[in-house]
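Take a look at the fold shown here. Follow the sheet, then the helices.

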Amino acid sequence: MKHKYLAKRYWEVKLPPLSKTNEMAKRYPDVIDLSVGDPDYPVDKKVIDDMYKDALAGHTKYTAFLGDEEFREEICKWYRDDFGCNYGIENVMVTAGGTHAMYLVMESILDEGDEIIVISPYYTYYEPQILLPRGRVVVYDTLAEDNFEIDLERFEKKISSRTKAVIVNSPNNPTGRVYKEETIKGLIELANKYDFLIIADDIYRTFNYTDRQKPICAFDPDNPRILTVYSFSKDFAMTGFRLGYIIGEKSIIECIRNVNEAVNFTINAMAQRAGIYAIRRRKEIQKEIHEEYRKRVFYAYERIQNFKNIKCSKPEGTFYLFADIRDTGLSSEEIWEKILDDAHVLVLPGIGFGQAGEGYIRIACTSDVEVLKEAFDRMEGVDIFK
Ligand code: PLP
């Protein structure tokens, strides 16, 4: 919006499609909303109970700037026990979720004009996260024909003397891909060769339905070029807690801490206590969540097989289906509107995730199978899918 009191760089803001969904969801009273990635799963009750006890016991104050020490110790233990990574608490900075974490990373590493490579289709908010701290977005488009896998030779052509980092999100939102191990190894080799950072956005780690379970940091735990961004939003269904962290080399973490002192000072003390108990109960919590969402996403996948003009490959991760609608001859935004008007089901258009997402729609399987059944029954009736 153009306004004399607003910074001119915000006068023309390109809003991502996600920001229109609230309005669209109100178009009909019976809309089934499969647009936003907010898991409907309840937060583990024991985690809430233990957090409550800690709150009564006085964990209601500012915490250390890097985050509650016990929480950071628990995070380090988790990485040691499950992934064989030996981090110290000085390598961990607690954040208010993955969005805040990514912004802090960008603010801390970017000089004006530095470049961040994003792998398209990509999570919409990477763009403003890079642009706000005056960085440049360099888009590497994956191809539907390659099942959205990264072609390292083509990727290498995107690297320049200004490349500061690449963001790698696997399991991937929106495509649901889990990158191959050779791909991850190849990216690490390129990062070493050209000296840039790999920012692993690991926020869908629980939702991995392949045998490729290793997080990127575990490929090379001592590599100072790997930064991990994590969130409790999806993996523990704790979106409202706004809790996450960054793991990385000590001096980078220190700078991030300094930046955050002016942004958020410290993170919600009670949410951090909940984080401790969530990690301690992760085996139970994540097993349940994994199984439930696996069931849903595979149910949706099976249903789509019977639709005309829409197809998708076998899910590998996340709770999103990225479905190919190119045979309809319509754009992803046109199909988005059509599904809403004809079936009262709200999805997201692939174009909202970058040019490489055009010709696709993203269906978030964040409702239980009964709701998904109703949604797919309705979509099955849309003329173009019959
Ligand atoms: N990264 C990816 C790929 C996401 O899909 C999301 C949320 O949907 C986030 C980061 C940020 O999530 P949060 O800020 O809730 O941790």
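What follows walks through a sheet, the helices on it and one helix pair.

The model is predicted. Its open sheet has seven strands with mixed pairing. Read across the sheet, the strand order is 2-8-7-6-5-3-4. Strand 2 (92-95) and strand 4 (136-141) stand at the edges. Each has a single partner strand, so one side of each lacks a neighbour in the sheet. On average, neighbouring strands are turned by 20° against each other, direction ignored.

Strands of a sheet pair through backbone hydrogen bonds, either parallel or antiparallel. Take strand 5 (residues 163-169) and strand 6 (residues 197-201): they pair in the parallel sense, over five bridges. One anchor for the eye is Ala 165, whose bridge partner in strand 6 is Leu 197.

Now the helices on the sheet. Helix 7 (residues 181-194) packs on it, touching strand 5, strand 6 and strand 7. The direction of helix 7 makes about 145° with that of strand 6. Helix 4 (residues 97-109) lies across strands 2, 3, 5, 6, 7 and 8. Helix 4 runs at about 150° to strand 7 (226-231).

Next, a helix pair. The axes of helix 11 (residues 282-304) and helix 13 (residues 369-380) come within 10 Å and cross at roughly 15°. Angles under 35 degrees count as roughly parallel, and the two helices are therefore roughly parallel to each other. Their crossing is right-handed.

Which residues meet there? Helix 11 brings Lys 295, Arg 296, Tyr 299, Ala 300, Arg 303 and Ile 304. Helix 13 brings Val 369, Leu 372, Lys 373, Phe 376, Asp 377 and Glu 380. The contact residues divide into six nonpolar, no polar and six charged.

Note on methods:
Residues are numbered from 1 along each chain as its sequence is written. This is a predicted model: local features need pLDDT of at least 70, side-chain atom pairs count only at pLDDT 80 or more; totals for chains, interfaces and linings use all residues. Side-chain values use heavy atoms; hydrogens and water are left out. Two strands pair if DSSP finds at least two bridges between them. Helices (H or I, at least four residues) and strands (E, at least two) are DSSP runs, numbered from the N terminus. Axes are lines fitted to C-alpha atoms, for helices over the stretch in contact, and angles run from 0 to 180 degrees between N-to-C directions. Contact means heavy atoms within 4.5 Å. Angles under 35 degrees count as roughly parallel, over 145 as roughly antiparallel, 65 to 115 as roughly perpendicular and the rest as oblique. A crossing is left-handed if the near helix is turned anticlockwise from the far one by less than a right angle, and right-handed if clockwise. Ala, Val, Leu, Ile, Met, Phe, Trp, Tyr, Cys and Pro count as nonpolar, Asp, Glu, Lys and Arg as charged, and the others, Gly among them, as polar.
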